[in-house]
Amino acid sequence: METTLGMGATMLGKFVSACRHYCLRENVATVLREFARLSPFCLTVQWNSFNSAFCTSARLQIFYRGYETYKVRICVTVETEKVHLHLANPPRKISLAVEQLHVFLYEQIMHAQLYFLQMICQNLLGWQALTCNSYAGQLAHSSDPYGVFLIVSPNAKYSVLFKVTDAGVVSCFVADLVACFGVDTKVVLTGFGPFKDFDVNPSSKLVELFPSDFRSGCQVIKYMQVPVTYADSEKVAKEIRIKHDPDLVIHLGLNNRLGCDECALELGAYVDGYNSPDCNEECIPDEVCLPGYKPGSQIETKLDLKKVVDHLSPTSKLLLSHDPGSYICSYIYAKFVDFNSVTNSQKVFGF
């Protein structure tokens, strides 16, 4: 009889295999029912319609009641000897005996807790996940972390580390990044003073309205009224570099070619051609403007302005521009970009 049962190609062998599969499937169903009865989470099981006498599949979903959107999904395949589990995060396949299935399911409670916390923080609170190493279903009980994930607040002031162990303990560690590291980013905004018929330069008003504390850990330094002269703008540029050593400099200027609801981001600035007189009726000779460059060329910022436009254009009318003009606003921009290139600095500048 033992030899006959081992002959899988015979009718009796197929019948025995089908019986083994049926018994294993019933045992799996019993484990799932018991887990659904005792678990603090909700469990749904959907057995697939297209099965065979030797293989059956089901889809499991584990979630908190009232938060059905945030589910842990598992595919279970029952064969004649083994149970196979297919997981999505991270993608992997685990094969185990039915006796191990209940251990795996209770470990999934820890995984579901971690996933639920992560989704709540990201989707409801707007926090940004930095890293996650959720090791669900490893079937190894120890004091090591079952899973951890790190998130940071929208204003980058706080970071939070959640740790879940296989003993069911959820730990939370909060760090005040500003208190730990202080101000780590300096941003300089420049506007311009009166010129020609404009007693109040609109660019200075924009700089004035910009909040100085718009983001924790970021210091905003304002130069609201840079004098509209070549000599003074060059002095201001030098002062900003030496005194503040900023991470980002944004120059605000006027462009009469744009509509009232449009804004252009300049990709670069001219190296010469600043022949328009400033408020002191002075110009900059081409040979002393930015020596060493090809006449009539531009130098470009290291800031990825195309990425900025792609990110913000759905909610604002942002344009990329290759023509910043040939006046003070372009001149101070050129001085900063030139300094960046000469010193091989990683600072970025925009206009």
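Is Glu81 buried or exposed? With a relative accessibility of 52%, Glu81 counts as exposed, and since the cut-off for that word is over 50%, this residue makes a good place to begin a tour of what is a predicted model.

**First stop: confidence**

Colour the chain by pLDDT before selecting anything else, and keep in mind that the mean for the protein is 78, with 82% of its residues reaching 70 or more. Select strand β3, residues 72-78, where confidence is highest at a mean of 89, and then helix α1, residues 2-5, where confidence is lowest at a mean of 41. Around that helix, the pLDDT stays below 50 over residues 1-6, a stretch that has six contacts in the model beyond its near neighbours in sequence. Residues 135-145 also have a pLDDT below 50, and for this stretch the model shows 28 contacts beyond near neighbours in sequence.

**Second stop: salt bridges**

Now return to Glu81 and show its side chain together with that of Arg20, for these two form a salt bridge in which the closest N and O atoms are 3.2 Å apart. Glu81 sits in the loop between β3 and β4, while Arg20 belongs to helix α2 (residues 11-38), and the pair therefore links parts of the chain that are 61 residues apart. Arg20 counts as partly exposed, at 42% relative accessibility.

Stay on helix α2 and select Arg37 and Glu34, whose side chains meet in a salt bridge of 2.7 Å, N to O. Both residues lie in this helix, three residues apart, or about one turn. Arg37 is exposed, with a relative accessible area of 59%, whereas Glu34 is partly exposed, with 35%. In total, the structure holds six salt bridges.

**Third stop: helix α5**

Move to helix α5, residues 202-209, and select its buried residues, which are Ser203, Ser204 and Val207. They cover an arc of only 100 degrees around the axis, which puts them on the same side of α5. If you then display β10 (185-192) and β11 (218-226), you will find the strands against which the buried residues of α5 pack. Turn the view to the face pointing away from this buried side, and you will meet the exposed residues Leu206 and Leu209.

The same helix also carries a salt bridge, between the side chains of Glu208 and Lys205, at 3.2 Å from N to O. These two are three residues apart in α5, about one turn of the helix. Glu208 counts as partly exposed at 43% relative accessibility, and Lys205 is partly exposed as well, with a relative accessible area of 41%.

**Fourth stop: a cluster of rings**

Which residues do ring pairs link into a cluster? Select Tyr230, Tyr274, Tyr327 and Tyr331, which are joined in this way.

Look first at Tyr230 and Tyr327, an edge-to-face pair with 6.4 Å from centre to centre and 85 degrees between the planes. Tyr230 lies in helix α6 (residues 230-244) and Tyr327 in the loop between β16 (317-321) and α9 (328-343), so the pair ties together parts that are 97 residues apart in sequence. Both Tyr230 and Tyr327 are buried.

Next, take Tyr274 and Tyr331, whose ring centres are 5.3 Å apart and whose planes stand at 75 degrees, so this pair is edge-to-face. Tyr274 is found in the loop between β14 (268-270) and α7 (286-289), and Tyr331 in helix α9, 57 residues apart. Tyr274 and Tyr331 are both buried. Altogether, the count of aromatic pairs comes to four.

Before leaving the rings, select Phe336 and Arg241, because here the charged end of Arg241 sits over the ring of Phe336, 6.0 Å from its centre, which meets the cut-off of within 6 Å.

**Last stop: two backbone angles**

Most residues other than glycine have a negative phi. Against that background, select Asp245, whose phi is near 45 degrees, a positive value. Asp245 is placed in the loop between α6 and β12 (248-251), and at 47% relative accessibility it counts as partly exposed.

Finish at Glu281, whose phi is near 60 degrees and likewise positive. Glu281 is placed in the loop between β14 and α7, and at 63% relative accessibility it counts as exposed.

Conventions:
Residues are numbered from 1 along each chain as its sequence is written. This is a predicted model: local features need pLDDT of at least 70, side-chain atom pairs count only at pLDDT 80 or more; totals for chains, interfaces and linings use all residues. Side-chain values use heavy atoms; hydrogens and water are left out. pLDDT is the predictor's confidence in each residue, from 0 to 100. Helices (H or I, at least four residues) and strands (E, at least two) are DSSP runs, numbered from the N terminus. Contact means heavy atoms within 4.5 Å. Rings of Phe, Tyr and Trp (its six-membered ring) pair if their centres lie within 6.5 Å; planes under 30 degrees apart count as stacked, over 60 as edge-to-face and the rest as tilted. Buried means under 20% relative accessible area, exposed over 50%, partly exposed in between (1.4 Å probe, protein chains only). A charge sits over a ring if NZ of Lys or CZ of Arg is within 6 Å of the ring centre and within 35 degrees of the ring normal. The arc is that of the directions from the helix axis to the C-beta atoms. A salt bridge is a side-chain nitrogen of Lys or Arg within 4 Å of a carboxyl oxygen of Asp or Glu.
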